[in-house]
Protein chains: 2
Amino acid sequence: MPRLQKRVLSSDGRASEVFRTAAQIILEKGYDATSVADIATALGITKAGLYHYIHGKTQLLYDIMQYGMDELDREVVQPAREIRDAEERLRFMVAAHARIVTRGQGAVTILVEEGRALTPAQNRNVTRRKRAFLDFLRATLDELKKEGKLRNLNTTVAAFNIIAMVCWPSRWYQTDGALTEEQVAEQIVDMALNGLIRRGLRAV
Amino acid sequence: MPRLQKRVLSSDGRASEVFRTAAQIILEKGYDATSVADIATALGITKAGLYHYIHGKTQLLYDIMQYGMDELDREVVQPAREIRDAEERLRFMVAAHARIVTRGQGAVTILVEEGRALTPAQNRNVTRRKRAFLDFLRATLDELKKEGKLRNLNTTVAAFNIIAMVCWPSRWYQTDGALTEEQVAEQIVDMALNGLIRRGLRAV
């Protein structure tokens, strides 16, 4: 099947599909009961094809978490670094992060929290990456504080509050529900920004 | 040891200690590696004494979740039902819930999310109780909406946003850190209420 093979090898979106599908199967069946063959079957590719993306069962959870953190870097942190205004950057980060959480029924986001299933070295690496994200978000809040735009909030607690609101839909959002992913993202941006920014200093 | 025995049988606080300690050990060692004897040893009581509180290993996770939901009912929902003003009720609920989350390093709150480890019947029961809590919180938000006090927010998303912010400290809060549990609770109340309530209609 040359068409499928080409798609497997060339498209970035294919890696996303691989890791999201693997995450969904692990959440449904449990890690121990999931085989590489199950994932290959669900994707309609061979096990050999699947090994273009993953290192095998033992490292699969870690690979999925790395994929999730890579996605966060690529779609949230890197574009955010180009935004000079702190409030605009914050708004972008909340919206962009919220949009990736609900993809693939949130399975990747849920698994990123399963640090206990990793080896100590893997867990340290994932923790380090999460910490870097927290620090970047907090630095933006510290900038807003300096500008006098932040309410009287501890920026660590505020950064965790944002991450909490943004990540939680991985547990409840249903693609066939009343709200689109975009609507959920907008609601989170609205509530987070109004909870953070000092009133009277920004247009609504 | 009559003194210990009396304490075991009479004090409400003892049940809390049992379930929080059990939850912490399970989070540290993993459920499979945790024995009833480990928990008894950590509490300094006999296995027989421990069986006053738990039904044994197979139902232990479920018992811990029930304890967590009972605590939520007793300390948040029941007192909140006595508060007529919706904004005051909301403020109380966020603060009271935030205060119980960080107890015992948040282990009970983390385990309440591990629904996959339950039998289907147990999971249905825990899900039903969580749903009842969500409905009660959302009803308060619906009241605020009717009163014109709520920002233009979907009350389901807003209710989940509150639960997210309140529950997340179970994952990061450290009792030996820079902030007291009370300070974290206050920060969450401040950010949540300002994110929810229409500006200009309430005193800060």
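This tour moves through a predicted model, from the relation of its two chains to selected contacts and spaces.

**The two chains and their axis**

Begin by displaying chains A and B together. Two copies of a chain are related by a rotation about an axis and a shift along it. Here chain A can be laid on chain B with an RMSD of 0.0 Å, by a turn of 180° and a shift of 0.0 Å along the axis, which is the relation of a two-fold axis. To find that axis from the side of chain A, select A:G195, whose C-alpha lies 1.9 Å from the rotation axis and comes closest to the axis among the residues of chain A.

**The largest cavity**

Next, select A:N194, A:I197, A:R199, B:R151, B:N194, B:I197 and B:R199, the residues that line the largest cavity. Rolling a probe the size of a water molecule over the atoms shows where empty space is left. The volume of the largest cavity is about 50 Å³, and its lining divides into two nonpolar, two polar and three charged residues. In the whole count there are four cavities of 30 Å³ or more.

**The second largest pocket**

Now turn to the second largest pocket, which holds about 900 Å³ of space. Select A:Y31, A:E114, A:A117, B:E114 and B:R116, which are the closest to the centre of this pocket of the 30 residues that line it. Then colour helices α2 (12-29) and α5 (60-81) of chain A and α2 (12-29) of chain B, since these are the elements that give two or more residues to the lining of the second largest pocket. By residue character, the lining of this pocket is made up of 14 nonpolar, six polar and ten charged residues.

**A salt bridge between the chains**

Over all chains, the structure has 37 salt bridges, and a few of them are worth selecting in turn. Start with B:R171 and A:E113, which form a salt bridge with their closest N and O atoms 2.8 Å apart. Because B:R171 lies in helix α10 (residues 169-172) of chain B, while A:E113 lies in the loop between α7 (107-112) and α8 (120-146) of chain A, the pair joins two chains. Both partners can be reached by the probe to some degree: B:R171 is partly exposed, with a relative accessible area of 29%, and A:E113 is partly exposed as well, at 28%.

**A salt bridge along one helix**

For a contact within a single helix, select A:R131 and A:D135, whose closest N and O atoms are 3.5 Å apart in a salt bridge. These residues are four apart in helix α8 of chain A, so about one helical turn separates A:R131 from A:D135. The acidic partner, A:D135, counts as partly exposed at 32% relative accessibility.

**A buried salt bridge between two helices**

Move to chain B and select B:E71 and B:R20, whose side chains meet in a salt bridge at 3.1 Å from N to O. This pair links distant parts of the chain, with B:E71 in helix α5 (residues 60-81) and B:R20 in helix α2 of chain B, 51 residues apart. Is each partner buried or exposed? B:E71 is buried, with a relative accessible area of 4%, and B:R20 also counts as buried, at 17%. In chain A, select A:R20, A:E71, A:R74, A:E75 and A:R103, which are joined into one network by salt bridges that share partners.

**Helix α11 of chain B**

Select B:Q183, which is found in helix α11 (residues 181-196) of chain B and counts as partly exposed at 35% relative accessibility. Then add B:R99 to the selection: from C-alpha to C-alpha, B:Q183 and B:R99 are 9.7 Å apart in space, although 84 residues separate the two in sequence.

**The cysteines**

Finish with A:C167 and B:C167. How many disulfides does a search of the whole structure find? The search over all chains finds zero. The sulfur of A:C167 has its closest cysteine sulfur in B:C167, 14 Å away, which is too far for a bond, given that a disulfide needs the two sulfur atoms within 2.5 Å. Taken from the other chain, the sulfur of B:C167 is likewise 14 Å from its closest cysteine sulfur, in A:C167. As for their surroundings, A:C167 is buried, with a relative accessible area of 9%, and B:C167 is buried with a value of 9% too.

How values were computed: Residues are numbered from 1 along each chain as its sequence is written. Chains are lettered from A and ligands numbered from 1 in the order in which they are written. This is a predicted model: local features need pLDDT of at least 70, side-chain atom pairs count only at pLDDT 80 or more; totals for chains, interfaces and linings use all residues. Side-chain values use heavy atoms; hydrogens and water are left out. Buried means under 20% relative accessible area, exposed over 50%, partly exposed in between (1.4 Å probe, protein chains only). On a 1 Å grid over the protein atoms alone, a cavity is a set of points where a 1.4 Å probe fits but cannot get out, and a pocket is an open set with protein on both sides within 12 Å along at least five of seven lines; lining residues have an atom within 4 Å of a point. Grid points are joined across faces, edges and corners, and a volume is the space filled by probe spheres set on the points. Ala, Val, Leu, Ile, Met, Phe, Trp, Tyr, Cys and Pro count as nonpolar, Asp, Glu, Lys and Arg as charged, and the others, Gly among them, as polar. A salt bridge is a side-chain nitrogen of Lys or Arg within 4 Å of a carboxyl oxygen of Asp or Glu. Copies are superposed by least squares on the C-alpha atoms of residues with pLDDT of at least 70 in both.
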